[in-house]
Amino acid sequence: MASHSDTLVVFFGATAGANGGKLGSDEREIILLVWQIVDLHEKKVGKLHKCFVKPDTLELTDLCKEETGLAVDNLINAEPLDKVLLQFQQTVSSEVKFLGRSSYTLCVNSPNVIRQALHPEASKKNLVLPECFFTFSDVRKEFLKCCPNAGPVQKLTLASMLEYVGLAAVSEQSFGEREVSSMVQLVLCILAEPHNHKFSCAEMVKYKFDSGTCSKTEPVDSETVIRARGLPWQSSDQDIARFFKGLNIAKGGVALCLNAQGRRNGEALVRFINSEHRDLALERHKHHMGSRYIEVYKATGEEFLKIAGGTSNEVAQFLSKENQVIIRMRGLPFTATSQEVLSFLGPESPVTDGSEGLLFVKYPDGRPTGDAFVLFSCEEYAQNALKKHKQILGKRYIELFRSTAAEVQQVLNRYMSAPLISTLPSSPIMPMPVLSTPPFLPAASSTRDCIRLRGLPYTAGIEDILEFMAEHTVDIKPHGVHMVLNQQGRPSGDAFIQMKSPDKAFMVAQKCHKKTMKDRYIEVFQCSTEEMSIVLMGGTLNRSGLSPPPCKLPCLSPPTAYAAFPTPPAILPEAALYQPPLLAAPRPQAAAHTPAHTLAYYPPQPHLYMNMNMNYTAYYPSPPVSPSTVGYFAAPSGAMAAAMAAQPHHAAAAASPVLPQPGALVRMQGLPYNTGIKDILSFFQGYQLQPDTVFILYNFSGQCSGEALITFPSEELARQAVAERSNRLFYGQQVHLVLCN
């Protein structure tokens, strides 16, 4: 500590990239170290030392060359960092000994050179830093103690501090030497009259991360928490602490996040000792852990407590043994006992306190989950246990991997909050009143004024169909193009088109049959709306005629499990009819007189059937515009608006558009089927999205269709999200983002 030091070593460093306030933010290597000793008792200074450092990559940014005046030629014959640090230690020790002093403390102009440059680089290169680099004084903070009115510490510069005390700025020396000489002048100034300052308090860099527990009632400052994304799934809390080497993480301050299946999702919440360290951590956004870059964003104390906080006495007792290595076991037989687990691990991996060092994860009713946590007293025992990964216990192979105290809490919280009896989930489909005979839907008729296109490319859109029909597009009825989507909300290769007359439909079928679209020939059949309705039920239609579906048509009522349906038909907004798979989230609040959690149900009419007991293909009407555009969610037409105005107040409220938010729309494709709104918000961390801007698309079975719509505040932000996040992994699956123009 500085209070026991006889000497200060004024220390300065520069990197091959950004310097000054951004030092270390771009992961560039150190290329220059400069230092000079100040005797605190005699107030004398030693020799000024300057050493170039040869980086692994001999390349300097233009900004570095401009600020430092250095070139690659200056570094070619320099020593690498480890040898320069050894030279520093030997030189300083000999000078301190020559002065008759016994200890020294580093003094820097900014903590960045120690916390953001030296420690991270040494960690990546597996260098062991001398003990002196774990304690230092910040000359700006020491100056502020003497001159409290000089301004906030973040805005203090060497030039402004020298000017404040009436000292001339140093200008004749080279880069690095100039900065050290300026700091030496400031140190001598505050040591002398009238300040007589004592360097009594030094900042510390933690040697290692301390694991521990966190209570849900513990206050956590949101200004100290970050979220790290993109972590390798096998990362431990120690790996994350190493990524943030140089910054002090609070005890038990690393919480690995789990997905719905209890597996790590590549994210972690990290809590630092104060906001200063959190702000420095944010500067490591897109720094690398191995070959992966890690995204770093702000998070809240509430988010951290949700992951790391726990209230179980059993967990607290299990984790009360400090300095233990935690291993998680997954896939245990439900009948496995403590003795069987201990035998499986073997004598080369003794568990701390025997069976007391085992924690089986159970449901609230006591049923085992197949997970357990094990404590080992040292790294060697843990490594021996990890060698048993995927070995057999009973008839099951067991997975073993490193864990953390926060993960123990999170897994226990997840299972202890699980319901004892699984219940039928509330319907994800929004209650939607229905127009009995919408003007743009085909009414059942035997008139053959429709055509069916079969064999369309899956990438084909409305524009492709209109181009395919060429001059016949003028004969299509308004809102007469109906893209056919499957249960996942993706194109099925079919489409139905309403023509103005049977003659027009016959003409198109004759001229366009087996005409090509994107190197595929398309079959075109003339049909009626009645035949189209039968095809919707699973029948087939070709030139040989109509084949009925394999099941009976009269089965039109919904299954008894879905008994709550609105009885009177009402107006359905055009936007709701144009949506692909149904929008489910967020669910609007039901009015007091409106039945809650009702399902959307189309009355059994010839033109649209709903039979949940059948393996059918869902067909959705679509307007003659691209479904990838905002226009796909069209506003109600004039007739529709008039009909809505004629409805009672509560019906009109229920018929409000589905997507009321302004902004730019992005379609997210390739989502896992268990995706939730929070997962998507977490994926877009940093874009400040709200839950009501995310709409997950569901199919008729109530499952996520694999797509979602996200409304961004501006088109610029939406384009940035598409550029940065498209084709990224989302819980192990690659997702694709499309900006809806």
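Visitor: In S13, which residue is the bridge partner of Ala-228?
Guide: Welcome! This is a predicted model, and we can begin with two of its strands. Strand S9 covers residues 225–229 and strand S13 covers residues 292–298, and the two pair in the antiparallel sense over four bridges. Within S13, the residue that bridges to Ala-228 is Val-296.

Visitor: S12 and S13 form a hairpin, so to speak; which residue in the turn has a positive phi?
Guide: Strand S12, residues 287–289, is joined to S13 by three bridges, and the strands run antiparallel. One facing pair is His-287 and Ile-294 in S13. The hairpin has two residues between its strands, and the one in the turn with a positive phi, about 70°, is Gly-290.

Visitor: How many helices and strands are there in the protein?
Guide: Let us step back for a wider view. The protein has 741 residues, and 52% of them count as buried. Among contacts with a separation of 6 or more, 73% are between residues 24 or more positions apart. As for the elements, the protein has 21 helices and 32 strands.

Visitor: What share of the area that the protein exposes do carbon and sulfur atoms supply?
Guide: The protein exposes about 34300 Å². Of that area, the share supplied by carbon and sulfur atoms is 53%.

Visitor: Why do the buried residues of H11 line one face of the helix?
Guide: Helix H11 spans residues 338–345, and its buried residues are Val-341, Phe-344 and Leu-345. Looking down the axis of H11, these buried residues fall within a limited arc, so they line one face of the helix; that arc is 95°.

Visitor: Which helix do the buried residues of H11 pack against?
Guide: The buried residues of H11 have several partners, including strands S15 (325–330), S16 (358–362) and S17 (368–376). Strands S18 (391–393) and S19 (396–402) are also on the list. The helix among these partners is H12 (379–386).

Visitor: Which residue in the hairpin of S16 and S17 takes a positive phi?
Guide: S16 and S17 run antiparallel and are joined by four bridges. Leu-358 stands opposite Val-374 in S17. The hairpin has five residues between the strands, and the residue with a positive phi, near 95°, is Gly-366.

Visitor: Is Asn-196 buried, exposed or partly exposed, and what is its relative accessible area?
Guide: Asn-196 is in the loop between H6 and S7. Although Asn-196 is not a glycine, it has a positive phi of about 50°. A residue is buried under 20% and exposed over 50%. Asn-196 is partly exposed, because its relative accessible area is 37%.

Visitor: Which residue does a cis peptide bond join to Glu-193?
Guide: The partner has its place in the loop between helix H6 (177–191) and strand S7 (203–204). Omega of the cis peptide bond is about 0°, and the residue it joins to Glu-193 is Pro-194.

Visitor: Which element gives the most to the lining of the largest pocket?
Guide: The largest pocket has a volume of about 1300 Å³. It is lined by 37 residues, and the closest to its centre are Arg-227, Glu-303, Lys-306, Lys-678 and Ser-682. Elements that give two or more residues to the lining include strand S10 (249–258), strand S11 (264–272), helix H9 (301–308) and helix H20 (677–683). With five residues, the element that gives the most is H20.

Methods:
Residues are numbered from 1 along each chain as its sequence is written. This is a predicted model: local features need pLDDT of at least 70, side-chain atom pairs count only at pLDDT 80 or more; totals for chains, interfaces and linings use all residues. Side-chain values use heavy atoms; hydrogens and water are left out. Buried means under 20% relative accessible area, exposed over 50%, partly exposed in between (1.4 Å probe, protein chains only). The arc is that of the directions from the helix axis to the C-beta atoms. Contact means heavy atoms within 4.5 Å. Accessible areas come from the Shrake-Rupley method with a 1.4 Å probe; for residues, only the protein chains shown count as cover. Two strands pair if DSSP finds at least two bridges between them. On a 1 Å grid over the protein atoms alone, a cavity is a set of points where a 1.4 Å probe fits but cannot get out, and a pocket is an open set with protein on both sides within 12 Å along at least five of seven lines; lining residues have an atom within 4 Å of a point. Grid points are joined across faces, edges and corners, and a volume is the space filled by probe spheres set on the points.
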